[in-house]
Amino acid sequence: MKRLIFTLCIVFVYQISFAQPPTRAITNITGDLYRFQNNAHYSVFLVTEEGVIATDPINEAAAQWLKDEIKKRFNKAVKYVIYSHHHDDHISGGKVFDEAIFVGHSLTKKAILEEKIMAPVPDETFETTKSIILGGKSVELIYPGRSHSDNCIAIYFPKEKTVFAVDFISTKRLPYRTLNNSYFPDWIKSIKKVENVDFEIFVPGHGDIGTMADVVEHRNYIETLYAAVKEAKAKGSSLAEMKKTILLKPYKAMGQYDAWREMNIEGVYKALQSQE
């Protein structure tokens, strides 16, 4: 009986822990530009007189909440939805915005179709740059090259001097775990192209809002990481040895340093192996 009661208690605690409501919020960035939070995922949207230009719809429940909130707070419909890249944890809620025009890079469209991702296929695509103008306001889409995927873009709001970029740039935090399906040294070049944009506010898809300095720091980290792994590999060091000797001490204060440093090393090592 005691064992049964203990088991039931564990099940109850387990169920409660997974029944917690998601953390959702809308906060103002600057002017008519807003940030939407769904737990650890973020997107942004711009309110204009003729409607809203939104970005990553995250998932269906998040997108429905956002759609309802935009209608309630601004009495506007979402006219455009821009995909930052094709990964489904950022775009799978797209079908909620059934009257919007979907926009993404041509490689984003290709990946959605090939991987059978359950999200609306972009109605409009581009290769290098694209402008969206609505209600007298503009958004610039920039493809800086391969990075965290082969189709990540930077979304630039010129009047607000703000850039939104997802997964290939973070603020005060190491890149995610083993950097799956990432491209080197292309990733470094892509961040440098973002640095050439005239912005003051940087908004990532995860984590805190930052500035140009945070973008530069992230690029410096990846550049240092890549160079160190490449040099160690050329000298014949094993992956295990690299994890012990490549300490990246100047970046020790960055978030997830202890948890992800070795994973980052492994990611670059595997990327270099795949190039052989």
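Is E266 buried or exposed in this structure? In this predicted model, E266 is buried, its relative accessible area being 18%, which falls below the limit because buried means under 20% relative accessible area. The points below begin with the salt bridges made by E266, continue with a pair that joins two other helices, and end with the largest pocket.

**Salt bridges of E266**

- The side chain of E266 meets that of K243 in a salt bridge, with a distance of 3.2 Å from N to O.
- This pair links distant parts of the chain, since E266 belongs to helix 8 (residues 257-274) and K243 to helix 7 (residues 239-245), with their positions 23 residues apart in sequence.
- E266 also forms a salt bridge with K270, where the N to O distance between the side chains is 2.9 Å.
- E266 and K270 both lie in helix 8, and because they are four residues apart there, about one helical turn separates them.
- K270 counts as partly exposed, at 47% relative accessibility, whereas its partner E266 is buried.

**The E223 and K192 pair and its network**

- Salt bridges number 18 in the structure, and one of them brings together the side chains of E223 and K192 at 3.5 Å, N to O.
- E223 lies in helix 6 (residues 212-234) and K192 in helix 5 (residues 186-195), so this salt bridge ties together parts of the chain that are 31 residues apart in sequence.
- Both partners are partly exposed: E223 has a relative accessible area of 27%, and K192 has a relative accessibility of 37%.
- The two residues also belong to one network, in which salt bridges that share partners join K192 and E223 with E195 and R219.

**The largest pocket**

- The largest pocket in the model has a volume of about 350 Å³.
- Its lining is made up of 18 residues, of which H86, H87, H148, N180 and N181 are the closest to the centre of the pocket.
- By residue class, the lining of this pocket divides into eight polar, five nonpolar and five charged residues.

Terms used. Residues are numbered from 1 along each chain as its sequence is written. This is a predicted model: local features need pLDDT of at least 70, side-chain atom pairs count only at pLDDT 80 or more; totals for chains, interfaces and linings use all residues. Side-chain values use heavy atoms; hydrogens and water are left out. On a 1 Å grid over the protein atoms alone, a cavity is a set of points where a 1.4 Å probe fits but cannot get out, and a pocket is an open set with protein on both sides within 12 Å along at least five of seven lines; lining residues have an atom within 4 Å of a point. Grid points are joined across faces, edges and corners, and a volume is the space filled by probe spheres set on the points. Ala, Val, Leu, Ile, Met, Phe, Trp, Tyr, Cys and Pro count as nonpolar, Asp, Glu, Lys and Arg as charged, and the others, Gly among them, as polar. A salt bridge is a side-chain nitrogen of Lys or Arg within 4 Å of a carboxyl oxygen of Asp or Glu. Helices (H or I, at least four residues) and strands (E, at least two) are DSSP runs, numbered from the N terminus. Buried means under 20% relative accessible area, exposed over 50%, partly exposed in between (1.4 Å probe, protein chains only).
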